[in-house]
Amino acid sequence: MKLRCAILDDYQQVALTAADWSPITDQVEVKTINRHIDSPDELVELIADCEIVVIMRERTPFRASLLKRLPHLKLLVTTGMRNASIDLEAAASQGITVCGTRGAGNATAELTWALVLGLARNIVQEHNAIRGGQWQSTIGTDLYGKTLGVLGLGNLGTKIAKFGQAFGMNVVAWSQNLTQEKADEVGVRLAGSKEELLESSDFVSIHLVLSERSRGLIGAAELKHMRPSAYLINTSRAPIVDQEALAEALQSRSIAGAAVDVFEVEPLPQADKYRSLPNLLTTPHIGYVSEANYQAFYRDVVDDIKAYLAGSPVRTFS
């Protein structure tokens with residue numbers, strides 16, 4: 001009898017075509033679910049008989065309360081090598097193996113820069129205006145000679161810093177662990193403090209891992225350090241920024257605008273104020289949603305399942 005596998009949140013219905021599943025189909029029966037399921041009861045009803053579940057990033061949390069209702073679950077595969085929405089301790093206590101995948105590595109940085117350009121040149125406003133019969137309704141902000149502040153100079157932050165340099169921007173970076181040696185390696189100025197970075201930057205882009213240290217890192221007090229002409233971009237994790245404080249800053253126009261790809265509740269509720277703020281550019285958490293990334297994700301998903309079936313799991317979480 002084949003093992004049952006459910007692939008969750010396959011919104012674009014590409015999971016089964018993004019990779020070759022034939023190496024495991026003789027042992028595994030795979031089904032996909034292409035809509036987000038908010039109700040734990042409905043989710044349990046759909047996957048209660050599955051030994052294997054594949055989840056897309058952090059779209060569907062797997063907390064202890066849910067795991068307890070899935071007694072057949074033996075393998076949980078998440079795309080990416082980090083997922084804060086999985087209770088790893090609870091999974092281990094139930095004997096559930098948790099594995100991750102690699103990614104292509106460039107998609108989020110590319111989307112981040114698209115958001116920077118979208119803010120600077122009012123792309124959405126001008127697109128909507130021309131569809132409505134108008135012509136040249138805004139004045140764009142130049143990037144050349146402006147200052148880009150990068151919060152977090154890891155893999156993604158480094159790419160964004162280099163994008164900024166390619167556009168002739170002055171780049172300054174800061175994080176709690178950033179060293180002068182790393183800043184020199186990338187060729188950026190190390191800010192003496194978070195506040196200094198915020199005060200000196202025309203664009204601030206966040207590239208930090210969500211942790212207890214970074215949660216709420218940008219709140220009302222920090223936003224007041226930003227220039228009235230400055231923009232904030234967050235493609236990292238929503239809780240790094242105080243969502244109410246950002247909404248207030250945008251409504252009062254104490255900053256010029258912001259762009260976000262991440263939200264505390266996803267999909268974003270229909271009535272959420274973030275859907276209507278005129279100086280907020282939003283995308284539906286698509287930083288990692290690209291052809292190359294999906295192909296990398298699902299190739300590794302198949303590989304994870306194959307390795308598990310062979311008794312030698314790979315890319316396991318501890």
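**Close-ups of a predicted model**

The UniProt annotation "domain: D-isomer specific 2-hydroxyacid dehydrogenase NAD-binding", which comes from an unreviewed entry, covers residues 114–287. Everything in these views is taken from a predicted model.

**View 1. The annotated span, end to end.** Here we're looking at residues 114–287, the stretch that carries the UniProt domain label. Helix makes up 32% of the span and strand 16%. Follow the chain from one end of the span to the other and you'll find the end C-alpha atoms 10 Å apart.

**View 2. A parallel sheet of seven strands.** The sheet is an open one, and its strands pair in parallel. Reading across, the order goes S8-S7-S6-S9-S10-S11-S12. At the edges sit strand S8 (189–190) and strand S12 (280–282), each pairing on one side only.

**View 3. Zooming in on S6 and S9.** Strand S6 takes in residues 147–151 and strand S9 residues 203–206. Four bridges hold the parallel pairing between these two strands. For one of the matched pairs, look for Gly149: its bridge partner in S9 is Val204.

**View 4. Helix H4 against the sheet.** Helix H4 (residues 107–120) packs on the sheet and touches five strands by name: S6, S9, S10 (231–234), S11 (257–260) and S12. The direction of H4 makes about 155 degrees with that of S10.

**View 5. Helix H10 across three strands.** Helix H10, residues 243–251, lies across S10, S11 and S12. Its run is at about 140 degrees to S11.

**View 6. The largest pocket.** This one has a volume of about 820 Å³. There are 33 lining residues, and the ones closest to the pocket centre are Arg57, Arg82, Thr108, Leu156 and Arg237. Sort the lining by class and you get 12 nonpolar, 15 polar and six charged residues. H4 turns up again here: along with helix H6 (155–166) and helix H11 (291–309), each supplying at least two residues of the lining.

**View 7. The one cavity that the search turned up.** Searching the whole structure for cavities of 30 Å³ or more gives one hit. The largest cavity holds about 30 Å³ of space. Around the largest cavity you'll see Leu8, Asp9, Ile33, Arg35, His36, Ile37, Leu43 and Thr60. By class, that lining comes to four nonpolar, two polar and two charged residues.

Key:
Residues numbered from 1 in each chain as written. Predicted model: local features only at pLDDT ≥ 70, side-chain atom pairs only at ≥ 80, totals over all residues. Heavy atoms only, no water. Pairing = 2+ DSSP bridges. Contact = heavy atoms within 4.5 Å. Axes fitted to C-alpha atoms, helices over the stretch in contact; angles between N-to-C directions. 1 Å grid on protein atoms, 1.4 Å probe; cavity = no way out; pocket = protein on both sides within 12 Å on 5 of 7 lines; lining within 4 Å. Points joined across faces, edges and corners; volume = space filled by probe spheres on them. Nonpolar A, V, L, I, M, F, W, Y, C, P; charged D, E, K, R; others polar. UniProt positions renumbered as here; feature names shortened; annotations may be inferred.
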